Amino acid sequence: MRPMRRAEREVTEETHIREILEGCETLRLGLWDGEEVYVVPVSYGYLYEEGRCTLYFHDSAQGRKAEVLARGGNVGFELDRGAELVPAEVACGHSTRYQSIVGSGEAQRLVDPEEKRLALRQIMRHYTGRENWDFPDAALEKTAVWALRAHWFTAKERG
């Protein structure tokens, strides 16, 4: 991994990284389909433990995203929040306040029903604040659930 160019903006404190993960609404996946890179937004949940980040998302198990993920390999990802223009007197002086997390990892399709339930509960907790959801076996069978385990990531902010 390359060092961050603007190292003074890097966020390394675990509580602050969790705040960013919790505050973002959309996970963007960067996928290579063999011909081109494309970015797809997904809903997500996460576990962040001892500096390791796992992002969870689901799909229908059909279509371009599912095909690319099934091939394996690295997946790029990005989350951001709080984008706000910082105006200046000259055009090149304008900037943006933001918080973001960018990284890369490998997505693995979960097959164990209990692992799928855990992942789906993390997604629901992220959006609703509740983890005690029930997921019937029939629903689990129809849903492809993925765990994206980050090989590396950086959190960054400009206040």
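**View 1. Cys-24, a buried cysteine in a predicted model.** Start with Cys-24: its relative accessibility is just 1%, so it counts as buried, the cut-off being under 20%. Now look for a sulfur partner. The closest cysteine sulfur belongs to Cys-53 and sits 11 Å away, which is too far for a bond. Cys-53 is tucked away too: with a relative accessible area of 3%, it is buried. Like Cys-24, which has no bonding partner within reach, Cys-53 is in no disulfide. In fact, a search of the whole structure turns up zero disulfides.

**View 2. His-126 and its surroundings.** Which helix holds His-126? It's α3. Is His-126 buried or exposed? Buried, because its relative accessible area is 8%, and the cut-off for that label is under 20%. Zoom in on its side chain, and you'll find one of its polar atoms 2.9 Å from the backbone oxygen of Cys-24. If you skip the neighbours within four places in sequence, His-126 is in contact with Leu-21, Glu-22, Cys-24, Tyr-44, Gly-45 and Tyr-46.

**View 3. Helix α3 from end to end.** This helix runs over residues 113–128. Here's a quick ruler check: at 1.5 Å a residue, its 16 residues should span 22 Å, and the end C-alpha atoms are indeed 22 Å apart, so the two agree. At the start of α3, a side-chain oxygen of Asp-112 comes to within 3.1 Å of the backbone nitrogen of Glu-114. Just after the helix comes Gly-129, with a positive phi of about 85 degrees.

**View 4. The buried residues of α3.** Which residues of α3 are buried? They are Lys-116, Arg-117, Ala-119, Leu-120, Gln-122, Ile-123, Arg-125 and His-126. Notice how the numbers are spaced, and keep this in mind: an α-helix has 3.6 residues a turn, so residues three or four places apart point the same way. The cover over these buried residues includes α1 (14–23), β4 (45–49), β5 (52–59), β7 (95–110), α4 (137–142) and β8.

**View 5. The largest nonpolar core.** This core has 30 residues. Those with the most contacts inside it are Leu-21, Leu-27, Leu-29, Leu-55, Phe-57, Phe-77 and Ile-101. Strand β8 (residues 144–158) gives the most to the core, six residues in total. There's also a second, separate core of nine residues, with Leu-110, Ala-119, Leu-120 and Ala-147 among them. As a rule, nonpolar side chains in soluble globular proteins tend to be buried together. Back in the largest core, take Leu-21 as an example: leaving out neighbours within four places in sequence, Leu-21 is in contact with Tyr-44, Tyr-46, Tyr-48, Cys-53, Leu-55, Leu-79, Ile-101 and His-126.

**View 6. Strand β2 and its two faces.** Strand β2 covers residues 27–32. What lies on its covered face? Leu-27, Leu-29 and Leu-31 do, while Arg-28, Gly-30 and Trp-32 make up the uncovered one.

**View 7. The partners of β2.** On one hand, β2 pairs with strand β3 (residues 37–42) in the antiparallel sense, over six bridges. Gly-30 has Val-39 as its bridge partner in β3. Four residues lie between the strands in this hairpin, where Gly-34 takes a positive phi near 100 degrees. On the other hand, β2 pairs with strand β6 (residues 74–86), also in the antiparallel sense, over three bridges. There, Leu-29 stands opposite Phe-77 of β6.

Definitions and conventions:
Residues are numbered from 1 along each chain as its sequence is written. This is a predicted model: local features need pLDDT of at least 70, side-chain atom pairs count only at pLDDT 80 or more; totals for chains, interfaces and linings use all residues. Side-chain values use heavy atoms; hydrogens and water are left out. A nonpolar core is a set of buried Ala, Val, Leu, Ile, Met, Phe, Trp, Tyr and Cys residues joined through side-chain atoms within 4.5 Å. Buried means under 20% relative accessible area, exposed over 50%, partly exposed in between (1.4 Å probe, protein chains only). Helices (H or I, at least four residues) and strands (E, at least two) are DSSP runs, numbered from the N terminus. Contact means heavy atoms within 4.5 Å. Two strands pair if DSSP finds at least two bridges between them. The expected span of a helix is 1.5 Å times one less than its number of residues. A polar contact is a pair of N or O atoms within 3.5 Å; within protein, one must be able to donate a hydrogen and the other to accept it, and residues adjacent in sequence count only if both atoms are side-chain atoms. A disulfide is a pair of cysteine sulfur atoms within 2.5 Å.
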